[in-house]
Amino acid sequence: MKGLLVAIAIFLLPGLAMAQGVRLKDLASFEGVRGNDLVGYGLVVGLDGTGDGLRNSPFTEDMMSNILERLGVNVTGEQFRAKNVAAVIVTGQIQPFARAGGRIDVTVSAIGDASSLRGGTLVMTPLNAADGQIYAVAQGSIIAGGVAAEGDAARTVQGVPTAGSIPSGAIVEREVAFEFNQMQSLTVALKSPDFSTAYRIERAINVAAGTPIATMTDSGTVSVDLGGSGQRSPSHLLAQIENLRIEPDTLARVVVDQRSGTIVISENVRVSRVAVSKGNLTLTVQEEPIVVQPNPFAEGETVVVPRSTAQIENAPAVSLAEVPGSTTLSDVITGLNALGITPNDLIDILKTIKAAGALHAEFVVM
């Protein structure tokens, strides 16, 4: 039975992590406290012959011409044959309350036919936000995790050499305007909306503040009155409540992955009293042809006479086992393990129990 328990991933075991609760900052996000995505179009140089084919990627040639023109190099009418440059898309995220002069990580991805970005250097690339404004500028040496090797008749690739990263590769040039300390109310948005969890968050915040400043708006939102908290600023209040321990409530759910045979059962799953049996039919077909030859000096031909043997075997079935009406996750697992079956068979049994109306949980198949 231990092998079956290993194959079944059990999350949210009672009496363990749930007894301690989860921090509020891990259950919800706070209005205004979020990052902003940035994107830019740039050029990587210094590649070892693994860059874009300029005839196949004309945008790389245009960008290289523009950069050289800005640097005072006249390239009008010139034809490039360089193989050490590649056009890339640069992405990053400016963190909340980031200040000018700070640094952020960026990811660099090839958009042409470059085979690798290893050893390349990103040329100064402005990064724009959704409003079209430039908030950061990226530049630096690329760290690419993949590697590619090829010969005349074969090529092998490990990882993704056409994408890499530049740790702290962009400098913040513009700050996101947001006066957090001037806010009079704060919205707490649950990552997984649930009325019970939202109510527990409301209660925990009110207990911590000593006054009813939190109000549950709906299953995914809790509104907090910052003015009535008595704190010096919203930042002080947020620092006080973000580490509150909340016990989240979750839906009863069974998730199965038929490809790997993985089963995940949440804590609140319940099974009504039910009896289950599992059996298999095995069909065996065996061919044993016979060769028949004519007598010596007789007129005739050699003939192959087919001979087939077909047999159907009813494999020993698991005895009819009872899964009792369960009240805890441990009872559910104990009852299912009593069947002595493999994880793949367990998936079929759970699906059948659900169809019989005895599995009280959402059944998700991936």
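**Exercises on contacts, sheet and salt bridges**

Apart from residues up to four places away in sequence, M183 touches E31, F178, L226 and P234, where contact means heavy atoms within 4.5 Å. The model is a predicted one, in which local features need pLDDT of at least 70 and side-chain atom pairs count only at pLDDT 80 or more, while totals for chains, interfaces and linings use all residues. Residues are numbered from 1 along each chain as its sequence is written, and side-chain values use heavy atoms, with hydrogens and water left out.

**Exercise 1.** State where M183 is found and whether M183 is buried or exposed.

*Solution.*
- Step 1: M183 is in the loop between β12 (163-172) and β13; helices (H or I, at least four residues) and strands (E, at least two) are DSSP runs, numbered from the N terminus.
- Step 2: M183 counts as buried because its relative accessibility is 13%; buried means under 20% relative accessible area, exposed over 50%, and partly exposed in between, with a 1.4 Å probe and protein chains only.
- Step 3: A separation of 9.5 Å lies between the C-alpha atoms of M183 and D225, which are 42 residues apart along the chain.

**Exercise 2.** Describe the open sheet that has antiparallel pairing, and the helix that lies across β13, β14 and β15.

*Solution.*
- Step 1: The sheet has 4 strands in the order β3-β13-β15-β14; two strands pair if DSSP finds at least two bridges between them.
- Step 2: At the edges are β3 (28-30) and β14 (214-218), each pairing on one side only.
- Step 3: From one strand to the next, the twist averages 25°.
- Step 4: Antiparallel pairing joins β3 to β13 (residues 185-190) over 3 bridges, and L190 in β13 is the bridge partner of A28.
- Step 5: Helix α5 (residues 195-209) lies across β13, β14 and β15 (221-225) and runs at about 165° to β14. Axes are lines fitted to C-alpha atoms, for helices over the stretch in contact, and angles run from 0 to 180 degrees between N-to-C directions.

**Exercise 3.** Characterise the surroundings of T125.

*Solution.*
- Step 1: T125 belongs to strand β7 (residues 121-128).
- Step 2: With a relative accessible area of 1%, T125 is buried.
- Step 3: Not counting residues up to four places away in sequence, T125 touches several residues, including G40, Y41, V90 and A138.

**Exercise 4.** Find how many salt bridges the structure holds, and locate the partners of K25 and R253.

*Solution.*
- Step 1: There are 4 salt bridges; each is a side-chain nitrogen of Lys or Arg within 4 Å of a carboxyl oxygen of Asp or Glu.
- Step 2: K25 meets E242 at 3.5 Å, N to O. This pair links distant parts of the chain, since E242 is in the loop between α6 (234-241) and β16 (245-246), K25 is in helix α3 (residues 24-27), and the two are 217 residues apart.
- Step 3: R253 meets E362 at 3.1 Å, N to O. E362 lies in strand β27 (residues 362-365) and R253 in strand β17 (residues 253-257), so the pair ties together parts that are 109 residues apart in sequence.
- Step 4: E362 is partly exposed at a relative accessible area of 38%, and R253 is also partly exposed, at 34% relative accessibility.
- Step 5: Another of the salt bridges joins the side chains of R23 and D26 at 3.0 Å, N to O.
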